[in-house]
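Visitor: I'd like some help finding my way around a structure I haven't met before. Could you walk me through it?

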Amino acid sequence: MSYRVIAFSCLLSLSAFAGAAEPIDFAVKLDTVMEHDDGQFLWFHPRPAAIPKAGQDGQPAVLMTLQKHLQASDHYSGLYFMRSDDLGATWSKPEMPPELDWRKESDQVDIAVADVTPIWHAPTGTVLAVGAEVRYSKQGEELDDRARSNQTAYAIYDVKTGKWAGWRRLEMPKDDKWNFARSSCSQGLVQGDGSLLLPFAFGPKAKEPRNVTVVQCVFDGRELKYLRHGTELSLNVGRGLGEASLIDFQGKYYLTMRNDLKGYVTVSDDGLNFKPITPWTFDDGQDLGSHNTQQHWLAHSDGLFLAYTRRGANNDHVYRNRAPLFLAQVDAAKLHVLRATEKVLMPERGATLGNHGATAITPDESWVTDAEGIFDKSARRRGAKGATFVSRVRWSRPNSMPLGGQ
């Protein structure tokens, strides 16, 4: 073979390598924040937000919101929060301010806000907690007997005072397609101009297949307002699409979505106008196996990562295969998961995971948080203790992305 052919072959190889996602190594350290399994409630949906320079020695403080699961399907308490000023070495006890408790609609109906994700909003120096406004009967059933029973609500944490302002509804356009309009269990983004991009599941009726879109909102530190929305993504399979999460990475925006049968992903140049959705797969073409639960993002300046649960991990005994919880790098160009990079974030101990949160904390460390759902004795026999976990993802090289961007 001539030197010219060899050189050309090397050039092709280098070009192919440049176009691929270069794996970034990471280590995982699992912390247990607390354990609770008294048969009365379980802690659920722990999700963190980092507040820059508000902790000890100029480090971030971390605010983690969570709720009590009240032993009935999707029946949740008011919103609790915990705070750590030493990067998770110690935590305050879960506290629920009166402003974040249920509100009474009548003697028979309580209004809660569930599926909450906190977002650090640097322009106003506040944390914005966004979730689904839910009406509950006394038996804990979700009600949909009034117009717009399923909407989006938000509460505001003032970092300077440490106080919360109570729940307010995000008012959507009057069109019937917003009768069901939830930004729930979703990762949103704060833009450079201070506006927010929030993924929504929406539709005219709660029991029809739902669509997903990204809504741009303006926020002045007191009020969150709808501005516009982007591509309306649909899938007429099962309950449609929902619990979407958004991330920005190297000039593009990536959206992952839940469906009853599998997870889906799409990409955008502006965070509003998205390409058609495609199912999540591994790089060998096999289905990722994540079904009927959430996926969430971590972004490093040099790589994009997905946190997920899936089939095929000797976990058919776990409800919807919701444990263990994995993290793997994504090929951002081809929109598939690099199988060889997959690592376990949280172990399978018979309990469900998958109701997780994910965010950057420091340049060296990002966190994924979750809590064990124990719904039968077999989970306890397998070792589940109702743990609230923080999985520390420690990067092999620092993350130069702005920490408020996730």
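Guide: We'll go through strands, burial, a side-chain contact and then the empty spaces. This is a predicted model, where local features need pLDDT of at least 70, side-chain atom pairs count only at pLDDT 80 or more, and totals for chains, interfaces and linings use all residues. Residues are numbered from 1 along each chain as its sequence is written, and side-chain values use heavy atoms, with hydrogens and water left out.

Visitor: Let's start with strands. Which strands pair with E7?

Guide: Strands (E, at least two residues) and helices (H or I, at least four) are DSSP runs, numbered from the N terminus. Two strands pair if DSSP finds at least two bridges between them. Here E6 (residues 109-121) runs antiparallel to E7, with 11 bridges. On the other pairing, E7 and E8 (residues 151-158) are antiparallel too, joined by eight bridges.

Visitor: Which residues face each other there?

Guide: Look for Ala-114, which sits opposite Ala-132 of E7. Then find Gly-131, whose opposite number in E8 is Ala-153. The E6 and E7 hairpin has four residues between its strands, and Gly-125 takes a positive phi near 65° in that hairpin.

Visitor: Is E7 buried or exposed?

Guide: Buried means under 20% relative accessible area, exposed means over 50%, and partly exposed is in between (1.4 Å probe, protein chains only). For E7 (residues 126-137), 12 of the 12 residues are buried, so the strand is largely enclosed by the rest of the structure.

Visitor: And how many residues of E16 are buried?

Guide: Six of the seven residues of E16 (residues 252-258) are, so this strand is also largely enclosed by the rest of the structure. Strand E15 (residues 242-249) pairs with E16 in the antiparallel sense over six bridges, and one bridge matches Phe-249 with Lys-252 of E16. Two residues separate E15 and E16 in their hairpin, and Gln-250 in the turn has a positive phi of about 50°.

Visitor: What joins E16 to E17?

Guide: Five bridges, again antiparallel, with E17 covering residues 264-268. Tyr-253 has Ser-268 in E17 as its bridge partner, and the hairpin of E16 and E17 has five residues between the strands.

Visitor: What does the side chain of Gln-329 contact?

Guide: A polar contact is a pair of N or O atoms within 3.5 Å; within protein, one must be able to donate a hydrogen and the other to accept it, and residues adjacent in sequence count only if both atoms are side-chain atoms. A polar atom of the Gln-329 side chain lies 2.9 Å from the backbone nitrogen of Ile-24. Gln-329 belongs to strand E21 (residues 325-331) and is buried, at a relative accessible area of 1%.

Visitor: Now the empty spaces. What is the volume of the largest pocket?

Guide: On a 1 Å grid over the protein atoms alone, a pocket is an open set of points with protein on both sides within 12 Å along at least five of seven lines, and lining residues have an atom within 4 Å of a point. The largest pocket has a volume of about 900 Å³. Of its 36 lining residues, the closest to the centre are Asp-74, Glu-142, Arg-210, Arg-239 and Arg-258. Strands E2 (42-51), E6, E7, E10 (180-182) and E15 each supply at least two residues of that lining.

Technical notes:
On a 1 Å grid over the protein atoms alone, a cavity is a set of points where a 1.4 Å probe fits but cannot get out, and a pocket is an open set with protein on both sides within 12 Å along at least five of seven lines; lining residues have an atom within 4 Å of a point. Grid points are joined across faces, edges and corners, and a volume is the space filled by probe spheres set on the points.
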